[in-house]
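Me: I have a structure open on my screen and would like a close look at one part of it. Could you walk me through that part and then place it in its wider surroundings?

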Amino acid sequence: MLREYLPVLLLLGFAAVNAVVILGLGELVTRTHPTEIKQQPYESGMAPLGDARDRFSVKFYLVAMLFIVFDIETVFMIPWGVHYQQLSCAVPLVDGACPAGQLSFFGLGEMLVFALILLVGYIFVWKKGGLSWD
Amino acid sequence: MTDFAEPGALLGALLPEITLLLGTLILLLVGAWGGESSSPTRRSARFALGIVGVTAVAVVFAWLRGDGFTTDDRLTGDGFRWAIDLVLLLGTAGALAIFDTEQLRTRAYQAEIPVLMLLALSGMMIISASRDLMFTYIGLELMSIAVYVLAGANRSSARSAEASIKYFLLGAFASGFLLYGIALLYGAVGDTRLSALGAATPSAMYLVGVALLLVGFAFKVGAVPFHLWTPDVYDGAPSPITAFMAACVKASAFAMLLRVMAEGIGPAIVHWHPVVWWLAAITMVVGNVVALAQPNVKRMLAYSSIAHSGYLLVAVLAYSQEAAAAVVFYLLAYTLATIGAFAVLGIVSEGRETTVTIDDLSGLWHVRPGLAVALSVCLLAFFGFPIAGGAGFFAKWYVIQAALASHTPLTVLVVVLVLASVVSAGYYLTAISAMFNRPRPSQLPMPVQTPLLSGIVMVVAVVALLVLGVFPTPASRLAAAATLRAAPLATPVAGTMTVSAPTVAATEDAGSTP
Amino acid sequence: MTPFYRFQFYLFALMAIGAALLFVTRRSPVSAALWLVNVMFALSGLYVMLDAPFVAAVQVLVYAGAIMVVFIFVVMLLNLGRPGQLPDLREVAPRLGAGVVGIAILANLLAVRRDALPTVALEPHADNVVTPVAELLFSDYLLAFELTSIVLLVAVVGAVVLAKRKAAP
């Protein structure tokens, strides 16, 4: 069972080795001639202004919070989608299919209720201007 | 998948909750869509009052019809659920009316605050209906998250924000303990239903789960030594929200505590009985003694609410059907007194940033006798004074009766209760004598004219308290119908509160000698 | 239990404990938060070993992803200043208290350790890793699922009430 995760492990190992190799190579082959300009943090070619530890606007928090809420909503949709075939069948599946005449709206209905409640939240945020920056 | 409730059965069992939620969602959308209104917040509060009324009708209807049970035993429609729901609805209605008055004066609140109160209320109603720890937990989170936001409702007040963040951090901590306990109980039993927990033989894992559960509950009801958040949060939150927390959140937490203890963790009673015994004793003593030293009325009421948690824990410990009825009656009286007291304080405080001190109450009788009388009745009800204190006296009386009639009479605890009540006279009577005996200092501003809704709340609270103080029978009979029951009456009563006397025997001794 | 399985268990467990220790001892909130990400990853490794890959994936998506983003945002919002300049709030008494609570929980878990666990109600589905979760969530715990949407709604409304500036009159 864990064998399936071998690629994940390989990828992790590759990432780790890659990081070490790149940093190590840079360390080995470069010659350092530090000047004041070179030591400054790189900010897309602009002269860096002020401290990086600036206070962020609370608007970022609102965006992050909305992101989390709708992210979690999606997490609930994954098992629902996977299980949908069984949920929309009034009897257990036969050979992976629902017997004729046994379709039910149970699966659809429960997600509709869930999604509608969140839709109310979405409309609320939209109307209150939570999605606009200013 | 053999025994899950059909969607139709679920709808039927949750009709009042669904009514409430539908109304709330509509209110949220109406508020967002705006429309012309001079004060959207007050319109929202009045609309919310209407929703509370409709829900109360649905609750009464469901109680009369014996609705609310599901076959999978995860929801119950017993009298306890419906009675607690009615107390919660009463408290919310009062808090909404006080909120309306407060908004009239300060204009500090957004139109979503009543919506959040209703959403918190829906969580509380789920708690009182649930016989499954998962549902209880989700209901609790629904209530708690809404109340964290409510505590910070006044965005122009730094103290309100402080109360919100303190409440949030400690509440989240308590929820963590609770969830840990639920996880361990599930691990030990393999089910989250209270009926399954109640039928299990306690193992070590079960006991650890119960211990963590108790820590979480003690935080939520504000029992000493887990009470430290209470004064700061009660003091910092806006008055209507404090009233909502003191009345409804407390009632809901005790409904949860009582149901889980009576139906769920009964098998471990030998282990938790002494713990809760000490918790109740310390809570009563510390709450009342510390309240003596509080000049700030809101902080004084916060400590008084801690002390009331202690009295209610005595009733929970008595562990009988009479105790469940006593808790319901107590919560009814306590809710009425809380709502009445905060309605008066809301008017006396004049919307100042600093909260009312006892000195601010001096001579209130000479300028506004009505307010002074209303506050006195509520404080005497907290104290448990006969006649003048109204239903408060019978509330304590029923608790004492239940405690003495329990399988193992809680005599020592009752003595502590009575002595602690005597101590509480120190601060309740100080406030009352300040209102009547001291002259009105000239520099104190005249309280504003009582707005209609607040006036109604005061009159209803005071009259109900006084009437119940003379004729407690109707309410106590109603409370006695508020029994814990697993299944509809027609079927054989299973899973009722069943505690055999031998199990509880000797725990009283264990409690009094550590 | 194969030696390889045991090796993996100790690998992830030690990773989680080590990262957690670093997490609580960092002075800079940002590096503490990044160590917390490591804890989450190690835990998700343990979930995979427990035959719960869906939970593991959600752990990474929601905790290591979304929740951490909010943590970092809040740290930036507060703008505490450079780690060296911060007064250390963690004084002796709170540290002792936290230590005592930690030891108490450890003792509790040791007491639990020897318990016989109930037989597992759910068989792992080899073909479909989400089904065991979905089966319970959408039948027995249907109400919990629907209530979750209300909880999320409360979170949305709460965030807007607390963080959104009032519309200009």
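Reply:
**A glycine in chain B and its surroundings**

Of the 514 residues in chain B, 62% are buried, where buried means that 20 or more other C-beta atoms, placed from the backbone, lie within 10 Å of the residue's own, with exposed for 12 or fewer and partly exposed in between. Before going on, a word on the ground rules: this is a predicted model, in which local features need pLDDT of at least 70 and side-chain atom pairs count only at pLDDT 80 or more, while totals for chains, interfaces and linings use all residues. Residues are numbered from 1 along each chain as its sequence is written, and chains are lettered from A and ligands numbered from 1 in the order in which they are written.

Let us zoom in on B:G222. This glycine sits in the loop between helix 9 (204–221) and helix 10 (229–236) of chain B; helices are DSSP runs of H or I with at least four residues, strands are runs of E with at least two, and both are numbered from the N terminus. B:G222 counts as buried because it has 29 C-beta neighbours inside 10 Å. Leaving out residues up to four places away in sequence, B:G222 touches B:H227, B:T230, B:S305, B:I306 and B:S309, a contact being two residues whose C-beta atoms, placed from the backbone, lie within 7 Å. By C-alpha atoms, B:G222 and B:A461 are separated by 24 Å, and they are 239 residues apart along the chain.

Now for the chain around this loop. Chain B has 22 helices and zero strands, and its C-alpha trace spans about 65 × 55 × 40 Å along the principal axes. Its radius of gyration is 22 Å, which agrees with the value near 24 Å for a compact globule of 514 residues; the radius is taken over C-alpha atoms, and the globule rule is 2.2 Å times the number of residues to the power 0.38. Among contacts in chain B between residues at least 6 apart in sequence, 80% join residues at least 24 apart.

Chain B also has a partner in chain C: their contact takes 31 residues from chain B and 24 residues from chain C. On the chain C side, helix 4 (92–113) and helix 6 (142–163) each supply at least two residues, and helix 6 gives the largest share, 13 residues.
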